[in-house]
Amino acid sequence: AGKSVEFEDISGEFGTFSVEIPQLKIVGSNLTEKELTALFDAESSTPLSERLAKLNAESIESNEVTLSQDRGDDNTAETVYSNIKATGIVAGKVASFNVESIEQTADMKDGSTLTLKSGAMVGTGYNLPLSARFLFEKGSASEPLQVASEPTKWSDITYTIAKESGEGTEVKIGAVQFGTIKMRAMTTSLFDWAQNFKPHGPDEKPDAKELAAVMPVAADMFRALEFSAEMTQISFKAIEGNQSPEGKIGRIAITDFGKGGIGALAVEGVSIDGPGKIGHGELASAGYKGLMLSPTFDTLAAAATAEFKDFNPRNAFPSVAQVGFAGLSVDVPAQDGAANSADGKNLKFSVGKFEANLGDYLSGIPTTVTAGFDHVVFDAPPADASPNSKMLRDLGISKFDGSAKLSLAYSEASKEIALNELSANDPAFGKLAFKGL
């Protein structure tokens with residue numbers, strides 16, 4: 001068995017970041033005390049990833065680690081990780097780790113405060129050398145992605161954002177779970193990007209030089225990382241009299257983040273009440289598939305470098321293969337005579353399903369489109385709402401239940417649009433269909 005070493009009052013500064021570790025215990029390590037001390041040397045000429053790759057240990061434990069950042073202009077953040085334990089470390093790779101709780105406070109430039117409190121974070125297969133490369137070292141876009149961590153779960157998260165008056169919003173998340181995460185070092189390290197990132201107030205906008213610097217990093221991020229993740233049991237509410245919506249979301253899932261975009265995003269089980277419980281909406285599911293983002297960031301980076309001279313915004317539009325939702329129902333206060341509820345006060349309707357498939361993009365615009373909705377249902381307004389609503393009621397039409405489909409394609413060669421299908425039907429009005437126009 002290797003040696004066991006205890007350290008006290010470890011601290012260091014890395015640009016705008018600082019770290020404090022009151023106590024750290026390394027059990028069964030293969031390294032000498034001097035070599036272990038060198039792991040925390042911010043001035044070392046040996047990259048941190050290489051130093052970590054030499055580490056074997058039975059376990060590493062600390063009762064508290066504090067990470068702080070000060071960007072100036074009253075923009076600071078502090079994160080405290082409590083009761084950390086990692087076990088089975090071989091060549092810097094951790095078999096399993098556990099963080100008992102996490103607390104974060106951030107003071108923003110606009111005077112608001114962000115706070116986060118959570119329960120445990122538990123994970124497996126954490127690659128410390130690779131993570132160090134991602135954070136601190138410049139890499140190449142040609143490097144292959146490697147496994148950075150195996151499944152990880154973070155539980156019982158409460159996040160709040162509040163103004164100086166105390167008004168704000170509270171968000172609770174039952175759990176965040178990641179599958180296997182793959183990564184490589186980015187062409188600009190995350191640390192270097194964070195050092196140069198300038199926070200902006202609500203009325204400030206980044207200039208062209210700032211965009212030219214940040215856009216390549218954003219583009220590379222979607223190529224240097226690959227993962228799938230989901231959040232479950234999400235709720236949000238207003239605090240201290242803030243007038244904002246309240247509600248819950250059953251699940252948000254991201255599938256196949258990476259390779260230049262996001263493979264799919266799904267949202268399920270949405271229920272929202274308007275401020276003061278006025279109005280209500282529900283959504284069974286919604287999402288998109290095949291969203292490509294890196295080409296957009298690449299285009300914006302080139303345009304920002306040229307200070308947006310002769311820039312065509314269409315060239316920066318992201319492409320998406322499919323968007324849709326299902327199970328939408330809305331019951332909200334109506335304005336300008338749009339009410340259709342029996343009491344003449346609310347607008348009520350539902351949509352069974354909407355789906356659009358988009359392809360063959362040309363200058364940011366899809367040239368093939370297939371879209372449709374099923375069962376758009378709403379009651380006709382009360383007879384006394386208007387002469388038109390009275391006429392509908394007199395004709396025996398009290399409810400609409402419509403469905404429709406559209407399919408078209410544009411040919412760049414012929415500059416023509418082919419209408420493959422346009423159809424609609426409603427029990428109250430019958431069916432209408434055009435094909436092959």
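## The β20 and β21 hairpin

How many residues lie between β20 and β21 in the hairpin that they form? There are 3 residues between the two strands. The model described here is predicted.

Strand β20 covers residues 416-426, runs antiparallel to β21, and is joined to it by 6 bridges. One of the pairings is that of Ser423, whose bridge partner in β21 is Ala433. Strand β21 is hardly covered, for among its 6 residues the count of buried residues is 0.

## A nonpolar patch on the surface

Phe434 belongs to strand β21, which spans residues 430-435. Its relative accessibility is 39%, and because buried means under 20% and exposed means over 50%, Phe434 counts as partly exposed.

Together with Leu422 and Leu432, Phe434 forms a nonpolar patch on the surface. The accessible area of these residues together is about 270 Å².

## Salt bridges between strands

The structure holds 12 salt bridges. Side chains of opposite charge can pair when their charged atoms come close. One of the salt bridges joins Arg251 to Glu230, with 2.7 Å between the closest N and O atoms. This pair links distant parts of the chain, since Arg251 is in strand β13 (residues 246-258) and Glu230 is in strand β12 (residues 225-239), 21 residues apart. Arg251 counts as partly exposed, at 26% relative accessibility. Glu230 is partly exposed as well, with a relative accessible area of 22%.

Arg251 also meets Glu268 in a salt bridge, at 3.1 Å from N to O. Arg251 lies in strand β13 and Glu268 in strand β14 (residues 261-273), so this pair ties together parts that are 17 residues apart in sequence. Glu268 has a relative accessible area of 32% and is partly exposed.

## A salt bridge that reaches β20

Strand β20 of the hairpin also takes part in a salt bridge, through Glu421. The side chain of Glu421 meets that of Lys405, with an N to O distance of 3.9 Å. Lys405 sits in strand β19 (residues 399-411), and the two residues are 16 residues apart, so the pair links distant parts of the chain.

Are the two partners buried or partly exposed? Lys405 counts as partly exposed, at 38% relative accessibility. Glu421 is buried, with a relative accessible area of 16%.

## Helix α3 and a charged network

Helix α3 is made of residues 128-136, and its buried residues are Pro129, Leu130, Ser131, Ala132 and Phe134. At the start of α3, a side-chain oxygen of Asn127 comes to within 3.0 Å of the backbone nitrogen of Leu130.

An α-helix has 3.6 residues a turn, so residues three or four places apart point the same way. A network of salt bridges links Arg133, Glu137 and Glu143.

## Two polar residues in strands

Gln23 is in strand β2, which covers residues 17-29. At 23% relative accessibility, Gln23 counts as partly exposed. Beyond its neighbours within four places in sequence, Gln23 is in contact with Glu6, Phe7, Glu8, Glu61, Ser62 and Asn63. Of these contacts, Glu61 is 38 residues from Gln23 in sequence, while the C-alpha atoms of the two are 8.5 Å apart in space.

Gln322 is found in strand β16 (residues 322-333). With which side chain does the side chain of Gln322 make a polar contact? The partner is the side chain of Asn357, at 2.8 Å. Leaving aside neighbours within four places in sequence, the residues in contact with Gln322 are Gly287, Tyr288, Lys289, Glu355, Ala356 and Asn357.

## Positive phi angles

Asp9 has a phi near 55°, a positive value in a residue other than glycine. Asp9 is in strand β1, residues 3-14. With a relative accessible area of 63%, Asp9 is exposed.

His375 is not a glycine, yet its phi is positive, at about 55°. The place of His375 is in strand β18 (residues 365-379), and with a relative accessible area of 45% the residue is partly exposed.

How values were computed. Residues are numbered from 1 along each chain as its sequence is written. This is a predicted model: local features need pLDDT of at least 70, side-chain atom pairs count only at pLDDT 80 or more; totals for chains, interfaces and linings use all residues. Side-chain values use heavy atoms; hydrogens and water are left out. Patches are made of residues with over 30% relative accessible area and no salt bridge: like charges are joined within 9 Å, nonpolar side chains (Val, Leu, Ile, Met, Phe, Trp, Tyr) within 5 Å. Accessible areas come from the Shrake-Rupley method with a 1.4 Å probe; for residues, only the protein chains shown count as cover. A salt bridge is a side-chain nitrogen of Lys or Arg within 4 Å of a carboxyl oxygen of Asp or Glu. Helices (H or I, at least four residues) and strands (E, at least two) are DSSP runs, numbered from the N terminus. Buried means under 20% relative accessible area, exposed over 50%, partly exposed in between (1.4 Å probe, protein chains only). A polar contact is a pair of N or O atoms within 3.5 Å; within protein, one must be able to donate a hydrogen and the other to accept it, and residues adjacent in sequence count only if both atoms are side-chain atoms. Contact means heavy atoms within 4.5 Å. Two strands pair if DSSP finds at least two bridges between them.
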